[in-house]
Amino acid sequence: MPPADTVFERRRPDDSLVDHALTGVRDACFWIEDVAEPRRFPALAGDRRVDLAVVGGGYSGLWTAVRAKERDPDRSVLLVESRRLGWAASGRNGGFCSASLTHGEENGRRRWPDEMDVLDRLGAENLDGIEQTIADRAMACDFERSGELSVAIEPHQVEWLREDAASGPYRFLDEAEVRAEVNSPTYLAGVVGTDTALVHPVRLVDELARVATELGVEIVEDTHVTGLGSDRNGPVTLRTPTGSVRADRVALGTNAFPALVRRYRSYTVPVYDYAVMTEPLTEEQLGEIGWGSRQGLDDLANHFHYYRLSADNRILFGGYDAVYRFGKRVRADYEHNPEVHRRLVSHLLTTFPQLEGIRVTHRWAGAIDTSTRFCAFYGLAHRGRVAHAAGFTGLGVGATRFAGDVMLDLLDGLDTERTRLEMVRRMPMPFPPEPIAAIGIQTTRWALARADHRQGRRNFWLRSLDRVGLGFDS
Ligand SMILES: Cc1cc2nc3c(=O)[nH]c(=O)nc-3n(C[C@H](O)[C@H](O)[C@H](O)COP(=O)(O)OP(=O)(O)OC[C@H]3O[C@@H](n4cnc5c(N)ncnc54)[C@H](O)[C@@H]3O)c2cc1C
C-alpha cells in the first residue's frame, strides 16, 4: 500500500499563495534585527588572570556567568565569545522556554524512569528560577508564561494525546475545544500544558548580558578561543589570537561548535533547524484564529512544527525539516535552503488558511547541537577544572540555566541533587565517524518521515534504534 498523504499534502495551498507570501522576504533572523542596539563588548586585549572563565556567549555561557556571580560575588568571572553575544542558536530560536530538562516527558521517562520525578521537579524549579530572575532584575525580554498547546493533526495522533493527558498534568481538548482555542482546520485534538513560557530570544540574551555586567562579570566579544592548556596543578590557559586567559576554573558553553575538549566532539552533531516570521497579523486575522491565550504551539508528527506569536503578533513558524550535512560542520551557507523555507510557508498556510495574502518578512536557520539522547550531557576535564555542557538538541532555552548550575557544581566539587543525577553522571552514546554518521542520520530522518505517512507506524530501523535507546519520538 502506498504511504498516505499527510494533512500538509492533502490541503496544500496553491503555489501562487506561497509565492506571494515570500515576495520580498529577508534572509535574516527577525529577533536579531528587532533589537536595534544590542549591548556590545570589546575584544580581549593582552593576558588576563581570573577565577572563572566562561567560553560561549549564548544562554549557556551567560547563565553560567550570572549564576557564578549570584553564588559567589567575590569570584572574578570573564566570559569570552568568538563573535557576538547571541548570534548563534540563542539569538535564532523559537523562544519556547520549557521546564523540561529531558527534551520532553517521554524521552526522560524512557531513559531515566527512576529519577524522572526529580527531573520534573528540578525542571519546574529551573523555569520558576528563570521567571524569578526576570522579575527581580526587571529584564525586558517579553517573557510570557502562556503555556503550550500540543495538537493532533492526523487521526492516529489523537490517541497519543489522550495517553499524554493521562500521564501528566495536562488537559485534553477534543476537536471543538482545541479549535475554540486556536482555529485551524487541521486540528483534531489538543493537550494543554503549563510548563512552558515564551521569550524574545535576543532580548533575553541582551538582558542576561546587562545583568551579568551589573553583577561584575567581564565580557569580551570577537575573541575566538583557539585552544586550552593546563599544567598539573596550575590554572587552565585559554589561548586566543589577541591574548590569553589563565583561569582556576573554565566552563564551556560552545553548543554545536567544535568542543574545546576534543573527546567531547563526537557527542554532538549540528543539525539545521529552519524558521520563518510573518508580518504582524491584523486584528481581523487574529480574530479569525483566536489564540487568545497566546500559547506556544506544536504538533505531534515526528517531523513537527513549532509556532508562536511575537509580542507584536507576528507568527513564528519553524521546524519540520531538520537538515544534517555530511562532515558535522557549522557553516553559514547551510542556512540558505529556499526549498525548506518554502515548505514551511506552505504548511503555515495549510494550518491557517485564514491568512491567505499574508507576507513572510524573515526566514532564517540555525544549528542545533543534537546528541544521541536528545538532551544535554555534562563532562569534566583537565583534572576537574574544565566543565562542558552541550547536546540540548533544540530544547535549550530553559535547560541551559540548569546546565550552568550543573557546571558550577561540578567545578566547585559539590555533591548536590543535580550532580547525583544519572542524567548528569552518564554520558550518551557518541555519534560514529563519517560516513556512518551521515548514513545513520539520513536513514533515521527518512524513516521518521515515512512513519508520519504511515499512521505513526515505526519501521524496523526505528524500532531497532528504540531498543538501544537511540529512537527519536517527538
Ligand atoms: C532555529 C532554532 C530554533 C530553536 N528553538 C528553540 C526553542 O523554541 N526552545 C528551546 O528551548 N530551544 C530552541 N532551540 C535551541 C536553543 O536555541 C539552544 O539549545 C540554546 O540557545 C543553546 O544555547 P548555548 O549557549 O548552549 O549555544 P549558542 O547560543 O549556540 O552559543 C554558543 C556560543 O559559543 C560560541 N563559541 C563556540 N566556540 C567558541 C570558541 N572556541 N571560542 C569562543 N566562543 C565560542 C559561539 O560563537 C556561540 O555564540 C532552537 C535552536 C534553533 C537553531
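**Getting to know this predicted model**

User: How many helices and strands are there in the protein?
Analyst: This is a predicted model, and its secondary structure is a mix of both kinds. Counting from the N terminus, the protein has 16 helices and 19 strands.

User: Why can the protein be called as compact as a globular protein of its length?
Analyst: For 474 residues the globule rule gives 23 Å. The protein counts as that compact because its own radius of gyration is close to this, at 22 Å.

User: What share of the residues in the protein is buried?
Analyst: Buried here means under 20% relative accessible area. Of the 474 residues, the share that is buried comes to 59%.

User: Which elements each supply at least two residues of the shell around the ligand?
Analyst: There are 37 residues around the ligand, and Ser-60 and Trp-87 are among those that come nearest. By class, the shell has 16 nonpolar, 18 polar and 3 charged residues. The elements that each supply at least two of its residues are α4 (59-71), α5 (89-92) and β17 (360-370).

User: How much of the ligand's accessible area does the protein cover?
Analyst: Start with the backbone: a polar backbone atom of Tyr-59 is 3.0 Å from an oxygen atom of the ligand, and one of Gly-95 is 3.4 Å from an oxygen atom of the ligand. For a backbone N or O atom of Val-397, the distance to a ligand oxygen is 2.9 Å. On its own the ligand has 1000 Å² of accessible area, and the protein covers 98%.

Notes. Residues are numbered from 1 along each chain as its sequence is written. This is a predicted model: local features need pLDDT of at least 70, side-chain atom pairs count only at pLDDT 80 or more; totals for chains, interfaces and linings use all residues. Side-chain values use heavy atoms; hydrogens and water are left out. A residue is near a molecule or strand if one of its heavy atoms lies within 4 Å of it. A polar contact is a pair of N or O atoms within 3.5 Å; within protein, one must be able to donate a hydrogen and the other to accept it, and residues adjacent in sequence count only if both atoms are side-chain atoms. Accessible areas come from the Shrake-Rupley method with a 1.4 Å probe; for residues, only the protein chains shown count as cover. Helices (H or I, at least four residues) and strands (E, at least two) are DSSP runs, numbered from the N terminus. Ala, Val, Leu, Ile, Met, Phe, Trp, Tyr, Cys and Pro count as nonpolar, Asp, Glu, Lys and Arg as charged, and the others, Gly among them, as polar. The radius of gyration is taken over C-alpha atoms; the globule rule is 2.2 Å times the number of residues to the power 0.38. Buried means under 20% relative accessible area, exposed over 50%, partly exposed in between (1.4 Å probe, protein chains only).
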